[in-house]
Amino acid sequence: MARIADVRPPASPVSKGQVARRDRILDAAAELGATADFDRVQMHEVAKDAGVAIGTVYRYFPSKTHLFTAVFEAQLGKFVEQRWPTGGADVVTDIGEVLVELSRELLSRPRLCSAMMQSTAASYTTDPSGYPDNDSALSRAILRTLGKSAPSEEDRSTVRLLVFSWWGVLVSSLSRKTTAEQAEADMRLAARLLLARYLA
């Protein structure tokens with residue numbers, strides 16, 4: 001498992017140029033992470049491919065673990081923005097299906113998926129306030145689909161359990177402990193069981 005070092009907090013981009021540089025770093029890391037194992041991805045290669053100085057990479061991402069955790073958050077955010085359904089007659093089924101689709105998307109690049117999940121797990125165990133939690137793009141999208149603009153604590157807990165279930169099923173599928181077919185069936189079942197009370 002990836003470990004997160006005791007380092008300073010990452011800087012946040014302020015200007016449009018800084019945001020663009022940070023985005024280029026994330027894109028470069030995603031491309032490198034898709035073709036090489038996590039341990040083989042080097043920060044200087046990320047900097048070179050992103051067209052930035054190595055100091056710029058470390059300014060926003062103090063470690064490789066920080067970097068791939070941010071890549072994971074960016075990938076989830078992009079998926080939610082571009083491919084999350086706007087709503088339908090059966091929101092519970094819709095949520096189950098879109099979580100299956102998200103898993104397929106992440107698993108289509110297994111090396112990158114592994115790097116992101118290792119890093120995110122390491123970050124989460126070091127800082128429990130981080131992802132996966134109720135402030136993630138994924139949790140917000142599920143709550144929005146359920147029509148919960150002002151969610152109760154029970155709503156938040158239910159969604160947190162669903163996200164944790166999705167995470168566990170994804171890990172099982174990535175490690176080939178579960179077939180793709182079984183993982184998808186499990187994810188649909190988790191959505192039905194956990195979100196049953198939201199059915200009209």
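How many helices and how many strands make up the secondary structure of the chain? The count comes to nine helices and zero strands, where helices (H or I, at least four residues) and strands (E, at least two) are DSSP runs numbered from the N terminus. Read from the N terminus on, the elements follow the order α-α-α-α-α-α-α-α-α.

Before going further, a word on what you are looking at. This is a predicted model, in which local features need pLDDT of at least 70, side-chain atom pairs count only at pLDDT 80 or more, and totals for chains, interfaces and linings use all residues. Residues are numbered from 1 along each chain as its sequence is written, and side-chain values use heavy atoms, with hydrogens and water left out.

The pLDDT, the predictor's confidence in each residue from 0 to 100, averages 90 over the chain, and 91% of the residues score at least 70. Among the elements, helix H2 (residues 43-50) has the highest mean, 97, and helix H6 (residues 110-126) the lowest, 90. Where pLDDT is low, the predicted coordinates should not be read in detail.

Now step back to the overall form. The C-alpha trace spans about 55 × 35 × 30 Å along its principal axes. A compact globule of 200 residues would have a radius of gyration near 16 Å, and the chain, with 17 Å, agrees with that; the radius is taken over C-alpha atoms, and the globule rule is 2.2 Å times the number of residues to the power 0.38. Of the 200 residues, 44% count as buried, that is, under 20% relative accessible area (exposed is over 50%, partly exposed in between; 1.4 Å probe, protein chains only). Contacts (heavy atoms within 4.5 Å) also tell a story: of those with a separation of 6 or more, 74% join residues 24 or more positions apart.

Two threonines make good places to look more closely. Thr65 sits in helix H4 (residues 64-83) and is counted as buried because its relative accessible area is 3%. Its C-alpha atom is 9.9 Å from that of Met117, although the two residues are 52 apart along the chain.

The other one, Thr158, belongs to helix H8 (residues 153-174). With a relative accessible area of 9%, Thr158 is buried too. A polar atom of the Thr158 side chain lies 2.8 Å from the backbone oxygen of Glu154. Leaving aside residues up to four places away in sequence, Thr158 touches Leu194, Leu195, Arg197 and Tyr198.

Methods:
A polar contact is a pair of N or O atoms within 3.5 Å; within protein, one must be able to donate a hydrogen and the other to accept it, and residues adjacent in sequence count only if both atoms are side-chain atoms.
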